[in-house]
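Open the model in your viewer and keep the selection tool ready. We will go from one helix to one strand, then zoom out.

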Amino acid sequence: MDINLRLFSRLGHWASNLLAPKRSLKSESDDAQQGLISLKTIANQYPLQIGQGQLTEAVPTRPFYSSDRFVGREQQLNQMTEVINLWRNHHGEISAIVAPAGAGLSAFLGYMPTLLQQIQDDTEHAVPTNAKALPNTWLIMSFYQAPLSAFAAITNLCHCFNIAPPKRISDSSITDTIYAINQQPPQLIIIDDLHKLMLRMMGNYQALVTFATIIMETRKHHCWILGCEKYAWQRLSAQYQITHFIKHIINIDYFNAQELANIQTQQLVELGLISADYLKQKPAEKPNNHKSDTPDDTSETGVNPYDEQLKQLHTISQGHPKLAALLLQHSLKHQVETTSDNKHKIDICKINSSALQQCQDNDLFSLAEIYVHGGLKVEQHAHIFAQSIEQSSLQLAYLARHGLIIAQYSQQDFAQHFYFITPTLTKIIASHLVNNNKLFN
(Lines give C-alpha, C1' and ligand atoms only; values in the text may rest on other atoms or scores of the structure.)
Protein backbone atom coordinates (compact mmCIF):
# COMPACT_ATOMS: atom_id res chain seq x y z
CA MET A 1 0.00 0.00 0.00
CA ASP A 2 1.36 3.40 -0.97
CA ILE A 3 1.03 5.64 2.07
CA ASN A 4 1.56 9.38 1.58
CA LEU A 5 3.47 10.19 4.78
CA ARG A 6 3.64 13.90 3.99
CA LEU A 7 -0.13 14.04 3.62
CA PHE A 8 -0.64 12.27 6.97
CA SER A 9 1.87 14.61 8.60
CA ARG A 10 -0.08 17.58 7.28
CA LEU A 11 -3.34 16.00 8.47
CA GLY A 12 -1.81 15.71 11.92
CA HIS A 13 -0.84 19.39 11.98
CA TRP A 14 -4.26 20.39 10.68
CA ALA A 15 -6.15 18.27 13.23
CA SER A 16 -4.03 19.54 16.13
CA ASN A 17 -4.69 23.14 15.19
CA LEU A 18 -8.38 22.50 14.72
CA LEU A 19 -8.74 20.90 18.14
CA ALA A 20 -6.76 23.57 19.98
CA PRO A 21 -8.09 27.01 19.00
CA LYS A 22 -7.48 28.47 22.47
CA ARG A 23 -3.75 27.97 22.11
CA SER A 24 -3.73 30.03 18.92
CA LEU A 25 -5.67 32.82 20.58
CA LYS A 26 -3.30 32.79 23.54
CA SER A 27 -0.36 33.13 21.16
CA GLU A 28 -1.86 36.24 19.57
CA SER A 29 -2.51 37.74 23.01
CA ASP A 30 1.08 37.04 23.99
CA ASP A 31 2.27 38.74 20.83
CA ALA A 32 0.32 41.88 21.68
CA GLN A 33 1.79 41.99 25.17
CA GLN A 34 5.30 41.67 23.75
CA GLY A 35 4.78 44.43 21.20
CA LEU A 36 4.42 41.98 18.31
CA ILE A 37 1.76 41.29 15.70
CA SER A 38 1.39 37.88 14.08
CA LEU A 39 0.90 37.23 10.38
CA LYS A 40 -2.49 35.76 11.17
CA THR A 41 -3.57 38.92 12.96
CA ILE A 42 -2.43 40.97 9.96
CA ALA A 43 -4.35 38.70 7.58
CA ASN A 44 -7.48 38.86 9.72
CA GLN A 45 -7.61 42.64 9.32
CA TYR A 46 -8.32 42.24 5.61
CA PRO A 47 -11.95 43.21 4.86
CA LEU A 48 -12.58 40.14 2.72
CA GLN A 49 -11.57 37.69 5.44
CA ILE A 50 -14.56 35.37 5.34
CA GLY A 51 -14.27 33.26 8.43
CA GLN A 52 -17.39 35.25 9.30
CA GLY A 53 -19.37 34.32 6.19
CA GLN A 54 -19.33 32.97 2.69
CA LEU A 55 -19.34 34.45 -0.77
CA THR A 56 -21.35 33.25 -3.75
CA GLU A 57 -18.41 33.72 -6.11
CA ALA A 58 -14.82 32.70 -5.51
CA VAL A 59 -13.15 35.81 -6.88
CA PRO A 60 -11.86 38.88 -5.02
CA THR A 61 -13.45 42.28 -5.24
CA ARG A 62 -12.05 44.50 -7.99
CA PRO A 63 -9.56 47.09 -6.75
CA PHE A 64 -10.75 50.65 -6.25
CA TYR A 65 -8.99 53.06 -8.57
CA SER A 66 -8.73 56.67 -7.49
CA SER A 67 -6.39 59.61 -8.00
CA ASP A 68 -7.16 60.95 -4.51
CA ARG A 69 -4.19 61.29 -2.14
CA PHE A 70 -1.74 60.38 -4.86
CA VAL A 71 1.81 60.66 -3.48
CA GLY A 72 5.18 60.88 -5.21
CA ARG A 73 6.03 58.95 -8.40
CA GLU A 74 7.29 62.06 -10.20
CA GLN A 75 9.89 60.17 -12.22
CA GLN A 76 7.41 57.51 -13.31
CA LEU A 77 4.80 60.13 -14.23
CA ASN A 78 7.38 61.88 -16.41
CA GLN A 79 8.20 58.58 -18.10
CA MET A 80 4.51 57.90 -18.68
CA THR A 81 4.00 61.38 -20.12
CA GLU A 82 6.81 60.70 -22.58
CA VAL A 83 5.23 57.37 -23.56
CA ILE A 84 1.86 58.99 -24.24
CA ASN A 85 3.46 61.80 -26.23
CA LEU A 86 5.36 59.26 -28.33
CA TRP A 87 2.05 57.55 -29.07
CA ARG A 88 0.49 60.88 -30.03
CA ASN A 89 3.37 61.47 -32.43
CA HIS A 90 2.77 58.16 -34.21
CA HIS A 91 5.40 56.16 -32.35
CA GLY A 92 2.99 54.14 -30.26
CA GLU A 93 4.36 51.09 -28.45
CA ILE A 94 3.06 48.89 -25.65
CA SER A 95 4.05 50.04 -22.17
CA ALA A 96 4.32 48.07 -18.95
CA ILE A 97 4.42 49.37 -15.39
CA VAL A 98 6.03 46.85 -13.06
CA ALA A 99 5.84 46.97 -9.26
CA PRO A 100 5.94 44.59 -6.30
CA ALA A 101 2.56 43.72 -4.85
CA GLY A 102 1.19 46.38 -2.52
CA ALA A 103 3.51 49.14 -3.77
CA GLY A 104 0.66 51.19 -5.25
CA LEU A 105 0.58 49.97 -8.86
CA SER A 106 -3.22 50.11 -9.10
CA ALA A 107 -3.21 53.61 -7.60
CA PHE A 108 -0.66 54.68 -10.22
CA LEU A 109 -2.77 53.23 -13.02
CA GLY A 110 -5.82 54.94 -11.56
CA TYR A 111 -3.98 58.24 -11.86
CA MET A 112 -3.61 57.91 -15.65
CA PRO A 113 -6.87 59.75 -16.52
CA THR A 114 -5.70 62.66 -14.33
CA LEU A 115 -2.34 62.58 -16.10
CA LEU A 116 -4.13 62.69 -19.46
CA GLN A 117 -5.95 65.82 -18.36
CA GLN A 118 -2.68 67.41 -17.24
CA ILE A 119 -1.10 66.63 -20.62
CA GLN A 120 -4.16 68.11 -22.32
CA ASP A 121 -3.88 71.31 -20.27
CA ASP A 122 -0.15 71.59 -21.04
CA THR A 123 -0.66 71.19 -24.79
CA GLU A 124 -3.63 73.54 -25.21
CA HIS A 125 -1.29 76.52 -25.55
CA ALA A 126 1.44 74.70 -27.45
CA VAL A 127 2.27 75.31 -31.08
CA PRO A 128 -0.04 73.17 -33.28
CA THR A 129 1.59 70.00 -34.57
CA ASN A 130 0.50 66.92 -36.44
CA ALA A 131 0.26 64.99 -33.15
CA LYS A 132 -2.84 62.89 -32.58
CA ALA A 133 -5.41 64.11 -30.11
CA LEU A 134 -5.46 62.51 -26.71
CA PRO A 135 -7.95 59.63 -26.38
CA ASN A 136 -11.48 60.74 -25.64
CA THR A 137 -12.22 57.50 -23.80
CA TRP A 138 -10.23 55.33 -21.43
CA LEU A 139 -10.76 52.03 -19.71
CA ILE A 140 -9.16 50.44 -16.65
CA MET A 141 -9.73 46.71 -16.38
CA SER A 142 -8.33 43.60 -14.77
CA PHE A 143 -8.71 39.95 -15.75
CA TYR A 144 -9.59 37.77 -12.80
CA GLN A 145 -10.18 34.66 -14.90
CA ALA A 146 -7.17 33.79 -17.06
CA PRO A 147 -8.23 32.96 -20.64
CA LEU A 148 -7.44 29.34 -21.47
CA SER A 149 -8.00 29.55 -25.21
CA ALA A 150 -7.45 31.90 -28.14
CA PHE A 151 -11.22 32.37 -28.36
CA ALA A 152 -11.41 33.51 -24.72
CA ALA A 153 -8.57 36.00 -25.28
CA ILE A 154 -10.30 37.44 -28.36
CA THR A 155 -13.61 37.71 -26.49
CA ASN A 156 -12.04 39.59 -23.57
CA LEU A 157 -10.31 42.11 -25.84
CA CYS A 158 -13.47 42.68 -27.87
CA HIS A 159 -15.27 43.56 -24.64
CA CYS A 160 -12.73 46.37 -24.09
CA PHE A 161 -14.22 48.15 -27.09
CA ASN A 162 -17.84 47.01 -26.77
CA ILE A 163 -17.68 45.15 -30.06
CA ALA A 164 -19.18 41.74 -30.68
CA PRO A 165 -16.65 38.90 -30.50
CA PRO A 166 -16.67 36.21 -33.21
CA LYS A 167 -19.16 33.42 -32.65
CA ARG A 168 -16.47 30.81 -33.16
CA ILE A 169 -12.73 30.63 -33.69
CA SER A 170 -11.47 30.44 -37.27
CA ASP A 171 -8.36 31.22 -39.32
CA SER A 172 -9.56 34.77 -39.86
CA SER A 173 -10.78 35.45 -36.31
CA ILE A 174 -7.63 37.24 -35.16
CA THR A 175 -7.32 39.26 -38.38
CA ASP A 176 -10.98 40.28 -38.25
CA THR A 177 -10.68 41.23 -34.57
CA ILE A 178 -7.60 43.39 -35.20
CA TYR A 179 -9.37 45.16 -38.07
CA ALA A 180 -12.52 45.78 -35.97
CA ILE A 181 -10.50 47.16 -33.03
CA ASN A 182 -8.53 49.50 -35.30
CA GLN A 183 -11.80 50.93 -36.63
CA GLN A 184 -12.78 52.15 -33.15
CA PRO A 185 -11.95 55.69 -31.93
CA PRO A 186 -8.53 55.83 -30.22
CA GLN A 187 -8.69 54.75 -26.60
CA LEU A 188 -6.41 54.48 -23.61
CA ILE A 189 -6.67 50.86 -22.46
CA ILE A 190 -5.15 50.10 -19.05
CA ILE A 191 -4.94 46.43 -18.09
CA ASP A 192 -4.06 45.87 -14.45
CA ASP A 193 -2.94 42.58 -12.91
CA LEU A 194 -1.33 41.27 -16.09
CA HIS A 195 0.02 38.38 -14.03
CA LYS A 196 -3.53 37.06 -13.70
CA LEU A 197 -3.54 36.32 -17.42
CA MET A 198 -0.80 33.77 -16.79
CA LEU A 199 -1.95 30.39 -15.54
CA ARG A 200 0.02 27.22 -16.06
CA MET A 201 -2.89 25.23 -17.45
CA MET A 202 -3.66 23.73 -20.85
CA GLY A 203 -4.44 26.38 -23.47
CA ASN A 204 -3.13 29.38 -21.56
CA TYR A 205 0.02 29.77 -23.66
CA GLN A 206 -1.97 30.07 -26.89
CA ALA A 207 -4.31 32.53 -25.19
CA LEU A 208 -1.32 34.73 -24.22
CA VAL A 209 0.08 34.56 -27.76
CA THR A 210 -3.30 35.63 -29.18
CA PHE A 211 -3.63 38.42 -26.64
CA ALA A 212 -0.11 39.71 -27.42
CA THR A 213 -0.68 39.57 -31.17
CA ILE A 214 -3.84 41.65 -31.03
CA ILE A 215 -2.45 44.42 -28.86
CA MET A 216 0.76 44.47 -30.92
CA GLU A 217 -1.20 45.06 -34.12
CA THR A 218 -3.38 47.78 -32.57
CA ARG A 219 -0.72 49.67 -30.57
CA LYS A 220 -0.34 52.46 -33.13
CA HIS A 221 -4.05 53.30 -33.01
CA HIS A 222 -4.77 52.67 -29.32
CA CYS A 223 -2.58 53.43 -26.31
CA TRP A 224 -2.04 50.21 -24.33
CA ILE A 225 -0.68 50.29 -20.77
CA LEU A 226 -0.15 47.05 -18.86
CA GLY A 227 0.41 46.69 -15.12
CA CYS A 228 2.18 43.65 -13.70
CA GLU A 229 3.57 42.44 -10.38
CA LYS A 230 7.38 42.41 -10.21
CA TYR A 231 8.06 38.71 -9.65
CA ALA A 232 5.32 37.63 -12.04
CA TRP A 233 6.93 39.91 -14.62
CA GLN A 234 10.23 38.13 -14.15
CA ARG A 235 8.52 34.80 -14.76
CA LEU A 236 6.71 36.15 -17.82
CA SER A 237 10.04 37.41 -19.13
CA ALA A 238 11.83 34.12 -18.54
CA GLN A 239 9.11 31.70 -19.68
CA TYR A 240 7.11 33.73 -22.20
CA GLN A 241 9.64 36.35 -23.43
CA ILE A 242 7.11 39.11 -22.84
CA THR A 243 9.80 41.76 -23.19
CA HIS A 244 10.05 40.95 -26.91
CA PHE A 245 6.90 42.93 -27.66
CA ILE A 246 6.79 45.51 -24.85
CA LYS A 247 8.88 48.57 -25.62
CA HIS A 248 8.61 50.76 -22.52
CA ILE A 249 9.02 49.35 -19.00
CA ILE A 250 8.47 51.66 -16.03
CA ASN A 251 9.43 50.40 -12.58
CA ILE A 252 7.75 51.37 -9.31
CA ASP A 253 8.96 50.37 -5.84
CA TYR A 254 7.67 50.77 -2.31
CA PHE A 255 7.60 54.27 -0.84
CA ASN A 256 10.65 55.94 0.63
CA ALA A 257 10.61 57.27 4.19
CA GLN A 258 9.35 60.76 3.30
CA GLU A 259 6.61 59.53 0.97
CA LEU A 260 5.38 57.01 3.51
CA ALA A 261 5.44 59.68 6.23
CA ASN A 262 3.24 61.91 4.05
CA ILE A 263 0.72 59.08 3.63
CA GLN A 264 0.62 58.12 7.30
CA THR A 265 0.46 61.73 8.49
CA GLN A 266 -2.83 61.99 6.64
CA GLN A 267 -4.02 58.97 8.60
CA LEU A 268 -2.97 60.58 11.87
CA VAL A 269 -4.95 63.68 10.96
CA GLU A 270 -8.03 61.59 10.20
CA LEU A 271 -7.66 59.88 13.57
CA GLY A 272 -7.61 63.31 15.22
CA LEU A 273 -4.15 62.75 16.68
CA ILE A 274 -2.50 65.76 15.04
CA SER A 275 -3.78 69.00 13.62
CA ALA A 276 -4.80 69.27 9.98
CA ASP A 277 -2.84 72.54 9.87
CA TYR A 278 0.32 70.46 9.71
CA LEU A 279 -0.62 69.23 6.22
CA LYS A 280 -0.97 72.78 4.92
CA GLN A 281 2.66 73.65 5.52
CA LYS A 282 5.35 73.35 2.91
CA PRO A 283 8.02 70.70 3.54
CA ALA A 284 10.62 73.39 4.29
CA GLU A 285 8.40 74.74 7.08
CA LYS A 286 8.28 71.38 8.90
CA PRO A 287 11.16 71.13 11.36
CA ASN A 288 12.69 67.83 12.35
CA ASN A 289 10.91 67.01 15.57
CA HIS A 290 13.64 64.76 16.90
CA LYS A 291 15.49 67.99 17.69
CA SER A 292 12.58 69.37 19.67
CA ASP A 293 12.05 68.64 23.35
CA THR A 294 8.27 69.14 23.63
CA PRO A 295 6.58 68.52 20.26
CA ASP A 296 3.03 68.33 21.54
CA ASP A 297 1.05 70.87 19.52
CA THR A 298 1.36 70.68 15.74
CA SER A 299 -1.02 73.57 15.17
CA GLU A 300 1.34 75.92 17.02
CA THR A 301 4.81 74.49 16.41
CA GLY A 302 4.33 72.81 13.03
CA VAL A 303 6.08 69.73 14.41
CA ASN A 304 4.72 66.23 13.89
CA PRO A 305 4.84 64.60 17.34
CA TYR A 306 4.73 61.15 15.73
CA ASP A 307 7.89 61.65 13.70
CA GLU A 308 9.70 58.84 15.54
CA GLN A 309 6.80 56.45 14.97
CA LEU A 310 6.78 57.32 11.25
CA LYS A 311 10.44 56.36 11.05
CA GLN A 312 9.71 53.08 12.83
CA LEU A 313 6.84 52.43 10.44
CA HIS A 314 9.10 52.77 7.41
CA THR A 315 11.75 50.52 8.93
CA ILE A 316 9.29 47.76 9.82
CA SER A 317 7.02 47.97 6.76
CA GLN A 318 9.86 48.74 4.32
CA GLY A 319 7.64 51.31 2.61
CA HIS A 320 4.57 49.11 2.15
CA PRO A 321 1.69 51.62 2.61
CA LYS A 322 -1.13 49.26 3.60
CA LEU A 323 1.05 47.35 6.02
CA ALA A 324 2.26 50.61 7.55
CA ALA A 325 -1.32 51.81 8.02
CA LEU A 326 -2.28 48.57 9.73
CA LEU A 327 0.78 48.62 12.00
CA LEU A 328 0.03 52.18 13.05
CA GLN A 329 -3.60 51.47 13.90
CA HIS A 330 -2.75 48.22 15.70
CA SER A 331 -0.01 49.92 17.74
CA LEU A 332 -2.30 52.77 18.78
CA LYS A 333 -5.06 50.35 19.72
CA HIS A 334 -2.89 48.02 21.80
CA GLN A 335 -0.69 50.54 23.54
CA VAL A 336 -0.80 49.42 27.17
CA GLU A 337 -0.46 52.74 29.01
CA THR A 338 -1.48 55.54 26.70
CA THR A 339 -2.24 58.74 28.58
CA SER A 340 -2.23 62.40 27.68
CA ASP A 341 1.36 62.53 28.94
CA ASN A 342 2.82 59.70 26.84
CA LYS A 343 0.46 59.34 23.89
CA HIS A 344 3.26 60.39 21.52
CA LYS A 345 5.71 57.83 22.94
CA ILE A 346 4.18 54.60 21.66
CA ASP A 347 6.33 51.98 19.97
CA ILE A 348 5.26 50.53 16.66
CA CYS A 349 4.66 46.81 17.01
CA LYS A 350 7.06 44.46 15.26
CA ILE A 351 6.06 41.51 13.10
CA ASN A 352 6.14 37.92 14.36
CA SER A 353 6.82 35.88 11.21
CA SER A 354 7.43 32.55 12.95
CA ALA A 355 4.60 30.94 10.96
CA LEU A 356 6.67 31.40 7.81
CA GLN A 357 9.74 29.91 9.44
CA GLN A 358 7.80 26.71 10.13
CA CYS A 359 6.79 26.19 6.51
CA GLN A 360 8.14 23.20 4.61
CA ASP A 361 9.37 23.45 1.03
CA ASN A 362 6.04 22.29 -0.43
CA ASP A 363 4.28 25.03 1.56
CA LEU A 364 6.67 27.67 0.21
CA PHE A 365 6.24 26.46 -3.37
CA SER A 366 2.47 26.75 -2.92
CA LEU A 367 2.83 30.28 -1.54
CA ALA A 368 5.05 31.20 -4.50
CA GLU A 369 2.45 30.04 -7.04
CA ILE A 370 -0.35 31.80 -5.18
CA TYR A 371 1.72 34.97 -4.99
CA VAL A 372 2.72 35.00 -8.66
CA HIS A 373 -0.79 34.28 -9.92
CA GLY A 374 -2.52 36.67 -7.54
CA GLY A 375 -4.45 33.74 -6.06
CA LEU A 376 -5.46 30.20 -6.98
CA LYS A 377 -8.53 28.01 -6.77
CA VAL A 378 -8.12 24.61 -5.19
CA GLU A 379 -8.52 22.89 -8.56
CA GLN A 380 -5.90 25.16 -10.13
CA HIS A 381 -3.44 24.44 -7.33
CA ALA A 382 -4.05 20.71 -7.80
CA HIS A 383 -3.41 20.99 -11.53
CA ILE A 384 -0.16 22.94 -11.11
CA PHE A 385 1.23 20.52 -8.52
CA ALA A 386 -0.17 17.37 -10.17
CA GLN A 387 -1.97 16.19 -7.06
CA SER A 388 -5.51 15.44 -6.02
CA ILE A 389 -8.13 18.04 -5.19
CA GLU A 390 -8.25 16.68 -1.64
CA GLN A 391 -4.51 17.05 -1.13
CA SER A 392 -4.57 20.63 -2.39
CA SER A 393 -7.58 21.46 -0.26
CA LEU A 394 -5.84 20.24 2.91
CA GLN A 395 -2.59 22.02 2.14
CA LEU A 396 -4.29 25.33 1.36
CA ALA A 397 -6.48 25.04 4.46
CA TYR A 398 -3.32 24.51 6.54
CA LEU A 399 -1.72 27.67 5.14
CA ALA A 400 -4.93 29.62 5.72
CA ARG A 401 -5.12 28.32 9.27
CA HIS A 402 -1.76 29.96 9.98
CA GLY A 403 -2.78 33.26 8.39
CA LEU A 404 -0.44 33.06 5.38
CA ILE A 405 -3.34 33.10 2.92
CA ILE A 406 -7.06 33.70 3.21
CA ALA A 407 -9.95 32.06 1.43
CA GLN A 408 -13.07 33.07 -0.38
CA TYR A 409 -15.35 30.08 -0.30
CA SER A 410 -17.61 28.83 -3.04
CA GLN A 411 -20.92 27.58 -1.69
CA GLN A 412 -21.32 25.13 -4.56
CA ASP A 413 -17.96 23.35 -4.83
CA PHE A 414 -14.96 23.24 -2.48
CA ALA A 415 -12.66 22.85 -5.51
CA GLN A 416 -13.65 26.43 -6.39
CA HIS A 417 -12.47 27.90 -3.08
CA PHE A 418 -10.14 30.78 -3.94
CA TYR A 419 -7.02 31.38 -1.82
CA PHE A 420 -4.86 34.50 -1.99
CA ILE A 421 -2.30 36.47 -0.01
CA THR A 422 -3.65 39.64 1.55
CA PRO A 423 -2.11 42.90 0.28
CA THR A 424 -0.66 43.63 3.73
CA LEU A 425 1.33 40.38 3.73
CA THR A 426 2.68 40.47 0.18
CA LYS A 427 6.08 42.02 0.95
CA ILE A 428 6.70 39.87 4.02
CA ILE A 429 5.93 36.65 2.19
CA ALA A 430 7.68 37.63 -1.05
CA SER A 431 10.87 38.52 0.83
CA HIS A 432 10.84 35.16 2.60
CA LEU A 433 10.25 33.30 -0.67
CA VAL A 434 13.10 35.13 -2.39
CA ASN A 435 15.45 34.40 0.51
CA ASN A 436 14.54 30.71 0.22
CA ASN A 437 14.95 30.61 -3.59
CA LYS A 438 11.26 30.11 -4.30
CA LEU A 439 10.86 33.29 -6.38
CA PHE A 440 13.04 34.86 -9.05
CA ASN A 441 15.62 37.08 -7.41
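Select helix α17, residues 361–373, in this predicted model. Which of its residues are buried? They are N362, D363, L364, S366, L367, A368, E369, I370, Y371, V372 and H373. That makes 11 of the 13 residues, so α17 is largely enclosed by the rest of the structure.

Now check the length of α17. At 1.5 Å a residue, the 13 residues should span 18 Å. The end C-alpha atoms are 18 Å apart, which agrees.

Step just past the helix to G374. This residue takes a positive phi of about 75°.

Next, select strand β2, residues 95–99. Five of its five residues are buried. In a regular strand, side chains alternate between the two faces of the sheet. Color S95, I97 and A99 for one side of β2, then A96 and V98 for the other. Both faces are covered.

What lies alongside β2? Add strand β5, residues 223–229. The two strands run parallel, joined by five bridges. Find A96 and look across to L226, its bridge partner in β5. Then add strand β6, residues 248–251. Four bridges join β6 to β2, and this pair also runs parallel. Here I97 has I250 as its bridge partner.

Finally, show the whole chain. Its secondary structure comes to 20 helices and 10 strands. Of its 441 residues, 48% count as buried. Turn on the surface: the accessible area is about 22,400 Å², and 50% of that belongs to carbon and sulfur atoms.

Terms used: Residues numbered from 1 in each chain as written. Predicted model: local features only at pLDDT ≥ 70, side-chain atom pairs only at ≥ 80, totals over all residues. Heavy atoms only, no water. Expected span 1.5 Å × (residues − 1). Buried < 20%, exposed > 50% of the residue type's maximum accessible area, 1.4 Å probe, protein only. Areas by Shrake-Rupley, 256 points an atom, 1.4 Å probe, with all protein chains shown as cover. Pairing = 2+ DSSP bridges.
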